[in-house]
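User: Could you go through this model with me? I'd like to start with the packing and then jump around a bit.

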Amino acid sequence: MKTINFFLFILIFQVSFGQDYQGNIKSVSTNGLHEILLSPKIRTASENDIAHIRIFDANKKEVPYVFFGGNFSESSAINFPILAKESLKNVSTSVILSNEEAKNIDNLVLKIANTDVTKKYNIYGSNDKNEWFGLVNNQIISGLNDSNGTSVERLFSFPLNNYTYLKFEFIDKNSLPINILDANLYSNSISNQPKIEIGTFQIKVTSNKEKKQTEMEITFPEAQVINEIKFDITAPNFYLRDAEILVNKTRKVKNREESYQELFSSFQLDSKKINQFRINDLFAKQFTIVIHNADNPELTINKLELFQDQSSLIADLKSNENYTIIVDNKLNAPIYDLAQSGIDLDAKYPTTSITDLEKISKVEQIVTPKSFWQTSTFMWICIVLVVLILGFFSLSMIKDLGKEK
C-alpha cells in the first residue's frame, strides 16, 4: 500500500504543477500580418524549439504563426546542380555538386528534407571527380526539422576555393541518410543576416602546454543559441591555426553517467582573413574553444564576439488587441495552414516584440480545447476508480484471509 500511495502522490504532483513561461506581445496599431521579434531570452526558454511556443488572443483563442529565421532570398540565388548522389550503406552518403564556372566560393546553402538526426560531415573539392582534396573535416550539422515546412536551409562554410566539383560527405554510421534537395549560393548568406550580439558571458582561458593548445571555456548564465563567432586577434602578425568547438555531454556507461566533450564544429584562424565563422545553432550553457598552437606562440585574442541570428514569428494581429505568448516544453509542433497560404516572407511587415516574459510555476489554463479524455477531470476520475478498485480487492483479500484462519 505504501508503494501505491507513493505512486499516487507522484501522479497528483505531476498533474497539478508545471514549469513554463508566459509573456505579452506589445500592442500593434494596425490590423494585418506582423513580425514578432524573438529575443535570446525566449529562445532560451523554448530550448531553441519554436514548436513549444503558442500565441493566444484576449479570448484565449490560439493564433497561428509562421516561424521566420532570416531565410535566404531566392532572388539572389545561384544554383549549383547536383550531379550525383553516392551511398555506402551504414557508412556514408555523398552528394557531388557542379561549379562549372569555377566561381570563387567559401559557402553554400543546402536544402535538406526534414529529419531529426544529427550528422557529421566532410567537404572535398576536385577538378576531375577522381582526385579529391579536403576542405572541411568532421564537422556537425543538427537542427534539421522545420515545424512549418517540409525542409530546412542550412549554410555550410569552407575555405575559399574554385574547384569545379564539390563533394559533401555525410556519415551514416549511427543513423540513416539525409535527403539533400538543392544547393545554392546566396550573395547575402552571411553579411546581411540580422544578428543579435550575446554580451553576457564569462571566458576562462588556460594554456595546455602538454597538448600545445589554448582552451577558452565560455559560460553563460543560461543556455544560449549561438550562430556566429568572431575573433579579434592582435598577435602574432602571421598565423594559421586549426580550432574547434567542444560541447559538454553525458552518456551512460555501465549503469553510471559519464561526462565527456563532443566535437561540435571546426574552423581555421587565418591572419589573412576576417576570423568570423558561422556555426549551426549551437545551444549550450557552456562550451570550449580549443586552438591548436603546435610549436607556435599563443594567439593574443583582444576580443571574442558571439552572435545569434534574429528570428521571429509572423502572425495576423489586430490593432489594440491583447495577446499572450506562452512557452511550454511539453507541447509538440503545431499544424497551421498559414505557412501554405501564400504569404510573402520577403515582404517587410510591421514589427512588434514580446514583453514581460516570466517563468510561471503553475500553468494557466490558456490552452486549446481538449477532448474529455485528455482533460484533468478524466484523469482524476481514473485515479478515483483505481483507488476504489484497489480498495475493493484489498478488502476482499482481508476477508478471505480471515475465513482461512
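Analyst: What follows is a talk through cores, strands, single residues and aromatic rings.

User: Fine, but what kind of model is it, and how are residues numbered?

Analyst: This is a predicted model, in which local features need pLDDT of at least 70 and side-chain atom pairs count only at pLDDT 80 or more, while totals for chains, interfaces and linings use all residues. Residues are numbered from 1 along each chain as its sequence is written, and side-chain values use heavy atoms, with hydrogens and water left out.

User: OK, which residues have the most contacts inside the largest nonpolar core?

Analyst: That core has 25 residues, and those with the most contacts inside it are Phe-231, Leu-269, Leu-282, Phe-287, Ile-289 and Leu-306. A nonpolar core here is a set of buried Ala, Val, Leu, Ile, Met, Phe, Trp, Tyr and Cys residues joined through side-chain atoms within 4.5 Å. Buried means under 20% relative accessible area, exposed over 50%, and partly exposed in between, with a 1.4 Å probe and protein chains only.

User: And which strands supply it?

Analyst: At least two residues of this core come from each of β16 (213–235), β17 (240–253), β18 (256–270), β19 (276–292) and β20 (300–309). Strands (E, at least two residues) are DSSP runs, numbered from the N terminus.

User: What does Leu-282 touch, leaving aside its neighbours in sequence?

Analyst: Beyond the neighbours within four places in sequence, Leu-282 is in contact with Gln-224, Val-225, Ile-226, Ile-245, Val-247, Phe-264 and Phe-287, where contact means heavy atoms within 4.5 Å. There is also a second, separate core of 24 residues, which includes Ile-105, Phe-156, Phe-158 and Phe-170.

User: Switching to Gln-139: is it buried or exposed?

Analyst: Gln-139, in strand β10 (residues 133–141), counts as buried because its relative accessibility is 9%. A polar atom of its side chain lies 2.8 Å from the backbone oxygen of Ser-266. Leaving aside neighbours within four places in sequence, Gln-139 is in contact with Lys-119, Lys-120, Tyr-121, Phe-264, Ser-265 and Ser-266.

User: Now the sheets. What is the strand order in the open one?

Analyst: The open sheet of seven strands runs β3-β22-β1-β23-β2-β21-β4, with mixed pairing; two strands pair if DSSP finds at least two bridges between them. Its edge strands, each pairing on one side only, are β3 (53–56) and β4 (65–68).

User: Why is β2 largely enclosed?

Analyst: Five of the seven residues of β2 (residues 32–38) are buried, so the strand is largely enclosed by the rest of the structure. Seven bridges join β2 to β21 (residues 311–317) in an antiparallel arrangement, with Leu-33 opposite Asp-316. With β23 (residues 351–360), β2 pairs in the parallel sense over three bridges, and there the bridge partner of Leu-37 is Ser-353 and that of Ile-36 is Thr-352.

User: Any odd backbone geometry? Where is the cis peptide bond?

Analyst: A cis peptide bond joins Ala-235 and Pro-236, with omega about -5°, and Pro-236 lies in the loop between β16 and β17. Most residues other than glycine have a negative phi, and most peptide bonds are trans. Lys-129 has a positive phi of about 65° although it is not a glycine, and Lys-254 likewise has a positive phi, of about 55°. Lys-129 sits in the loop between β9 (119–126) and β10 and is partly exposed at 40% relative accessibility, whereas Lys-254, in the loop between β17 and β18, is exposed at 79%.

User: Last topic, then: how many aromatic pairs are there?

Analyst: The structure holds twelve aromatic pairs. Rings of Phe, Tyr and Trp (its six-membered ring) pair if their centres lie within 6.5 Å, and planes under 30 degrees apart count as stacked, over 60 as edge-to-face and the rest as tilted. Tyr-65 and Tyr-336 form an edge-to-face pair, 5.4 Å centre to centre with 70° between the planes. This pair links distant parts of the chain, 271 residues apart, with Tyr-65 in β4 and Tyr-336 in the loop between β22 (323–327) and β23, and both residues are buried.

User: And Phe-156 with Phe-168: why is that pair edge-to-face?

Analyst: Their ring centres are 5.5 Å apart and their planes stand at 85°, so the pair is edge-to-face. Phe-156 lies in β11 (residues 151–161) and Phe-168 in β12 (residues 165–171), so the pair ties together parts that are twelve residues apart in sequence. Phe-156 is buried at 0% relative accessibility, and Phe-168 is buried with a relative accessible area of 0%. Tyr-121, Phe-156, Phe-158, Phe-168 and Phe-170 form one aromatic cluster.

Methods:
Helix = DSSP H or I, 4+ residues; strand = E, 2+ residues; numbered from the N terminus. Polar contact = N/O pair within 3.5 Å; in protein donor to acceptor, adjacent residues only side chain to side chain.
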